[in-house]
Amino acid sequence: MTVVIDVRDLHKRFGRVHALDGLDLQVNEGEIHGFLGPNGAGKSTTIRVLLGILRATSGSALLFGRDPWRDAVSLHREIAYVPGDVTLWPSLTGGETIDLLARMRGGIDQSRREELIERFDLDPAKKARTYSKGNRQKVSLISALSSRARLLLLDEPSSGLDPLMENVFRQCVTEARDRGVTVLLSSHVLAETEALCQRVTIIRAGRTVESGTLESMRHLSRTSIKAELLGDPGDLSRIPGIGDITVDGNVVQAEVDAAGLGELIRVLSDAGVRSLVSQPPTLEELFLRHYRVTDGQRAATRVRT
Amino acid sequence: MTTALASRPQHRRPEPARQSSPLTGTLGLLRLYARRDRVVLPLWVLLLSVPLASVYVASVEKAYPAVAQRSAFAASVLASPAQRALYGNIYNDSLGATALWKAGAFHALIGVAVILTVIRHTRADEETGRTELLDSTAVGRYAGLTAALLLTFGASILTGVIGVGGLLTTELPRAGSLAFGAALAASGLVFAAAAAVAAQLSTGARTARGMAFAALGTAFALRAIGDAGNGVLSWFSPLGWALQVRPYAQERWWVLVLPTATAVVLVAVAYTLRSRRDIGSGLLAERPGAAAASRSLSGPFALAWRLQRGSLLAWTVGLCLYALLAGSVVHGVGDQISGSSLAREIVNRLGGTDALEAAFVAISFSLLGIGAAAQAISASLRLHSEENAARAETLLAGSVGRSRWAASHLAFAVIGTTTALLASGLIAGLAYGIAAGDVGGKLPGTLAAAAVQLPSVWLLAAITLALFGLIPRFTAVAWGVFVAFIAVYFLGTVSGVSQWVLDLTPFAHVPRVPGEAFRPTPLLWLLGIDITLVLAGLAAFRRRDLR
């Protein structure tokens, strides 16, 4: 499998602020890769380094095996970028902007352009000055999705879209993947991430804290168990990977990771189970665990945008 | 103004104790604006008031202590249409009239200062969306405009007061000093009010600024050409009124009514316009445009053309109108001074009426060069505003090299100013030639007068680009450099400023063609500096992070 984006130990400093502090990111060809992290974690900074708009302080970042700072112009023929906060030229219409931007990438697929304008329900004859945030985002998305780019860099692309358009957006991204396009999707919408992404990378304070498939992450996370027992299970804390044990009469609650789950079930059933509730980790819990930042760290990660 | 206020429905806030009006929050905003302007505003107030007594009066007192010397000086001014076009007439040979003659340029300079101040706190804030945020708080509809005008009016009046204070410490007659200060403050009021109207008319700060400066430029052109000729046109210009108050030469106090009344009318217009439009929008509704880009709209240069063509046209038309006006009065400027025998003697010494005409052409294009320099800055500053609005990022994420993108806008600063200046040279030359019945003889000299301005005009674009590449946060300082150049250029020679200070401005090195001999060396130096600055700016821009 070819690695399209290969970032290793990337550092970016703005004055005294470390925006990126040893970030790693690998995106394979043809996948939709979720890029997650709390506000100010460095997602946009990473994407801007990948675009050659910012210069990395140290570490390596390669796109298609090439340096995005040095080969920016030729690389950009392969890339379409949708910024989180889209600003357009007020005096140009949406249609003109779509064409202009696509022409400065690898060119435009005319029939897909018409189709996307239809599906996103955009009036391309209006001046950009009169568009709402959602409509500006649509302009940027249509231009990116109808271009012939091999890689889409999407920075919170659906933040201004209504639920209907969000749905269209998901379909379009999936279709792009089916065409063989690689997508890096930075997002806060967990449902979107879950629906679209095969693999995700979670960063915090400019550093990668977790990367892999959603399945494997779930696996790493703890399942919560609540059981009403007939007898005494004994000392549960000797089971590997268990935590947060509370015993209230004959009701036992605990969190356990995948490795200790079988052992816990065996011990419980030996004691006699009247009822058992098992909850797999939700994505929210997964992310909240990674997102939770102490105040000190928050101050350190404040970056310019 | 009052009718506009009254017609506005009163919104009542839930708590009955505090009434709200369209002016609620004005004082809070005034404090905010004063805070944001705490460096620049005091600077221009002091620069436009303190030098009146300490530099102007002091230097003329020293240079021309005797009455005879001053009357010779006054006669030499009267004999030169070019000098009168630049600074206005001298009405007698008193110490006051001669000393503050050159300070006539202050009326235009305060105009520049108040226009920038008003637009900064009205349209520029609205464009960035800051106004919307403020308006969502308990702030009345007119509070922003009122606070901006109060700040600027206050600063103008303060400039006048400090100026008068300084002049009163000299031995000049009190009445004249008071008249000069009042005229200076009144000039500030007129152009602040004009800027307030411009801020309501357009949707962008750039356009608003352009419109206000166009008004100032027109006022200057009418005054310059009026004072060089028979004086009629001067009466159509606020800058003409300021000089017609004639401080130290039987002050004509009634003339002050004209700028004051104009300011009142313009303020009323601004408030009326403000009441009729929505925040963020101008008065003109948007029409739908093309649903797809034409074949030609492809690449950074096409985009730059699309973004810049409107202002390029406006600048060209503006400069050409001034050139037409100037060109049509050149022939015969020398004849206006048949009055005194002393004047005629000076004219002959200067080389006769032909030389006077040539000097007038040279000065006219020197002023056009300053206008074109502003155009050069405005066009190059597009780079800065595109980067600030993150549109540069969108574009550079496409297959566009940084140098190519920077060059796309720089081209308009260079080619645009060249087009505008050569077109105005052509028009002025034709008008002059037709009036003199000698197109073949007058056109080449006039065109040359336009062409020699170009290297110094380009210098301002080069400075802007260098700032943009090297210290992007301070790109807008280019305007400060420009204002400093004009200030030094105008405040020039009489004031006893050292030659090296004068040499700092590029305009001082432009050969006064026609009339004087053409010297290529300074132009080549300027060109060399232009190229160096552009290359340095481009190299730095390619190496730095986008903001």
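## Position and surroundings of B:Ala379

In this predicted model, B:Ala379 belongs to helix α18 of chain B, which covers residues 352-388. The residue is buried, because 27 other C-beta atoms lie within 10 Å of its own, where 20 or more suffice for that class.

Leaving aside residues up to four places away in sequence, the contacts of B:Ala379 are B:Gln308, B:His409, B:Phe412, B:Ala413 and B:Gly416. One of these partners, B:Gln308, is 71 residues from B:Ala379 in sequence, yet the two C-alpha atoms are 7.3 Å apart in space.

## Nonpolar cores

The largest nonpolar core comprises 248 residues. Within this core, the residues that touch the most other members are B:Ile115, B:Ala193, B:Ala195, B:Ala196 and B:Ala212. Helix α18 of chain B makes the greatest contribution to the core, supplying 19 residues. A second core lies apart from the largest one and has nine residues, including A:Ile225, A:Ile242, A:Ala254 and A:Leu264. In soluble globular proteins, nonpolar side chains tend to be buried together.

The contacts of B:Ala212, again without residues up to four places away in sequence, are B:Ile115, B:Ile119, B:Ala194, B:Ala195 and B:Ala198.

## Domains of chain A

Two domains are assigned in chain A. Domain 1 consists of two segments, 3-78 and 150-217, whereas domain 2 spans 222-280. Taken over C-alpha atoms, the centre of domain 1 of chain A is separated from that of domain 2 of chain A by 39 Å.

Notes. Residues numbered from 1 in each chain as written. Chains lettered and ligands numbered in written order. Predicted model: local features only at pLDDT ≥ 70, side-chain atom pairs only at ≥ 80, totals over all residues. Domains from an automatic or database assignment. Helix = DSSP H or I, 4+ residues; strand = E, 2+ residues; numbered from the N terminus. Buried ≥ 20, exposed ≤ 12 C-beta atoms within 10 Å, placed from the backbone. Contact = placed C-beta atoms within 7 Å. Core = buried A, V, L, I, M, F, W, Y, C linked by C-beta atoms within 7 Å.
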